[in-house]
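Welcome! Take a moment to look over the sequence and the 3D structure, and then we will walk through the places where the ligands sit.

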Amino acid sequence: MQEFRNFIDGEFVATSRTFEDRAPADGRLIARVHEAGAAEVDAAVAAAQRALKGPWGRMTVARRTELLHAVADEIDRRFDDFLAAEIADTGKPRSLAAHIDIPRGAANFKIFADVVKNVPTESFEMATPDGGVAINYALRRPVGVVAVVCPWNLPLLLMTWKVGPALACGNAVIVKPSEETPATATLLGEVMQKVGMPAGVYNVVHGFGPGSAGELLTRHPGVNAITFTGETSTGEAIMRAASSGVRPVSFELGGKNAAIVFDDCDFDKAVAGVARSAFENCGQVCLGTERVYVQRPLFERFVQALKARAESLRIGPPEQEGVDLGPLISQEHRRKVLGYYEQAREEGATVVTGGGVPGMPGALAEGAWIQPTIWTGLPESSAVVREEIFGPCCHIAPFDTEEEAAALANATPYGLATSVWTDNLGRGLRMAAAIEVGLCWINSWFLRDLRTPFGGAKASGIGREGGVHSLEFYTELRNVCVKH
Ligand code: NAD
Ligand code: 6OD
């Protein structure tokens with residue numbers, strides 16, 4: 001039996017309280033995880049503060065960025081270990097984790113190291129009232145101890161998306177991985193030891209949210225800034241914790257993303273793109289599509305084509321060749337998603353496909369499997385159309401005009417992402433300007449250039465990360481005014 005310990009001050013630290021880490025594919029016990037309490041969170045914060053005053057704080061940018069490249073290289077060297085850990089924890093298909101989660105997990109260290117090495121700061125020369133001159137220039141300084149609170153859907157990728165830039169900017173981090181997926185954050189501790197990262201720069205505390213490591217960490221007065229990815233309601237709780245001490249937050253939160261399909265689109269590409277956005281990672285991608293609006297002349301044909309796509313998806317365990325769809329993250333999450341499946345039926349939805357649980361053989365019967373599901377016919381007021389489900393499902397409705405499509409897409413408190421499918425470039429650009437989101441894809445989805453701003457509008461987040469935008473959160477700009 002594996003044991004996942006906390007990683008504090010460069011060492012793995014056991015505690016007397018443990019919880020189970022189970023595989024969503026078959027419910028087997030993967031590891032016992034050592035839950036951090038107040039003493040461990042205090043120790044992690046103190047270690048991070050010492051690191052900032054010690055060799056890490058004094059390290060040159062060149063050496064720091066070299067170390068981050070070494071971290072990425074070591075993840076690549078241990079690719080198979082990271083892959084095995086991630087697919088056991090999440091149940092996602094091996095091909096998905098091998099092409100997205102682990103390579104991006106490593107790339108996040110190199111990309112941000114290179115950004116920090118190359119980004120300039122501003123300077124202004126000004127005349128002074130006495131006829132002299134002053135020069136203003138800016139220095140970037142780390143914000144200090146950064147708490148990184150992570151979700152379970154892309155564990156390594158989303159954690160390093162924050163840890164990469166935080167460390168590149170010279171901060172020390174304390175990561176609180178999701179209780180559902182503690183493996184890869186723990187493994188990263190071994191990588192940090194191997195490459196010689198100074199003690200206290202990267203710390204991991206395991207546990208839950210309220211009353212556990214998540215709350216203890218975000219309430220800790222020694223934490224200078226909090227970066228969080230997860231549900232909007234959790235973001236609200238963390239924001240309350242951050243208000244004590246007026247600490248900055250960067251939030252990537254929930255969504256109820258719309259795809260808009262115009263009748264002038266490349267039909268096959270639109271069907272393939274929307275199918276991917278609705279079902280990839282078993283619908284557990286924050287950018288995923290749960291509302292599809294299709295221009296009326298194309299509506300029936302599109303519904304039938306998406307149904308065919310959904311029904312062609314092969315459901316199975318991560319290691320099985322050719323599998324497209326894994327399980328949901330947990331039985332608890334499946335109960336939530338199935339609650340929406342039930343509600344859709346009760347509200348009179350047409351269940352185009354799915355709506356239940358697939359039969360799985362042998363040990364897999366204990367897994368959190370679910371059918372990809374498509375509905376039509378629900379009113380826009382339905383909770384199924386308004387609330388984030390985070391499962392492999394979508395509702396499809398018709399529309400007639402551009403204005404109507406934009407109004408439908410915007411009729412949500414969320415504003416994370418949208419995808420627009422059209423061969424009319426002008427129309428695509430008008431929609432991109434009209435839809436209130438942080439990310440708009442035209443004729444694509446989840447196509448990522450890591451130099452670009454990433455984040456949500458409205459209730460989908462606060463701030464932007466990515467490229468130089470990450471520096472806005474992970475550094476303080478200090479203006480120096482020199483009169484001469
Ligand atoms: P969650 O909010 O339940 O948990 C996220 C993390 O917060 C976990 O580590 C959890 O232990 C911790 N946590 C929970 N309550 C806390 C509290 N009171 N104080 C401190 N920490 C607390 O989210 P999840 O279920 O892990 O992930 C799914 C959600 O994340 C979905 O809503 C999804 O849209 C969102 N998400 C958003 C993005 C984005 O980029 N916008 C990316 C991925 C996931
Ligand atoms: O690609 C990324 O950088 C990113 N943050 C993706 C988020 C996916 C959400 O589930």
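Ligand 2 lies between domain 1 (2-253 + 460-483) and domain 2 (257-449), because both of them give residues to the shell around this ligand. Please keep in mind as you explore that this is a predicted model.

Who are the neighbors? Ligand 2 is surrounded by Arg-104, Asn-153, Leu-154, Leu-158, Trp-161, Val-285, Cys-286, Leu-287, Phe-446, Arg-448 and Phe-454. Sorted by character, the residues of this shell are eight nonpolar, one polar and two charged. Arg-104 brings a polar side-chain atom to 2.8 Å from an oxygen atom of ligand 2, and Arg-448 has a side-chain N or O atom 2.7 Å from an oxygen atom of ligand 2. Cys-286 takes part through its backbone, where an N or O atom lies 2.8 Å from an oxygen atom of the ligand. On its own, ligand 2 has 310 Å² of accessible area, and the protein covers 99% of that. What kind of space holds ligand 2? Ligand 2 sits in the largest cavity.

Now let us turn to ligand 1. Domain 1 (2-253 + 460-483) and domain 2 (257-449) both contribute residues to the shell around ligand 1, so this ligand, too, lies between them. There are 31 residues around ligand 1, and those that come nearest are Cys-150, Glu-179, Thr-234, Leu-253 and Glu-388. The shell is made up of 16 nonpolar, nine polar and six charged residues. Which helices and strand each supply at least two residues of this shell? They include helix H8 (213-219), strand S11 (225-229) and helix H9 (232-243).

Three side chains place an N or O atom beside an oxygen atom of ligand 1, as the table shows.

| Residue | Distance from its polar side-chain atom to an oxygen atom of ligand 1 |
|---|---|
| Trp-152 | 2.8 Å |
| Glu-179 | 2.7 Å |
| Thr-234 | 2.7 Å |

Taken alone, ligand 1 exposes 840 Å², of which the protein buries 92%. Glu-179 and Thr-234 are worth finding in the view, since they appear in the table and are also among the residues that come nearest to ligand 1. As for its location, ligand 1 sits in the largest pocket, whereas ligand 2 sits in the largest cavity.

Notes
Residues numbered from 1 in each chain as written. Chains lettered and ligands numbered in written order. Predicted model: local features only at pLDDT ≥ 70, side-chain atom pairs only at ≥ 80, totals over all residues. Heavy atoms only, no water. Near = heavy atom within 4 Å. Polar contact = N/O pair within 3.5 Å; in protein donor to acceptor, adjacent residues only side chain to side chain. Areas by Shrake-Rupley, 256 points an atom, 1.4 Å probe, with all protein chains shown as cover. 1 Å grid on protein atoms, 1.4 Å probe; cavity = no way out; pocket = protein on both sides within 12 Å on 5 of 7 lines; lining within 4 Å. Sits in = over half its atoms within 2 Å of the grid points. Helix = DSSP H or I, 4+ residues; strand = E, 2+ residues; numbered from the N terminus. Nonpolar A, V, L, I, M, F, W, Y, C, P; charged D, E, K, R; others polar. Domains from an automatic or database assignment.
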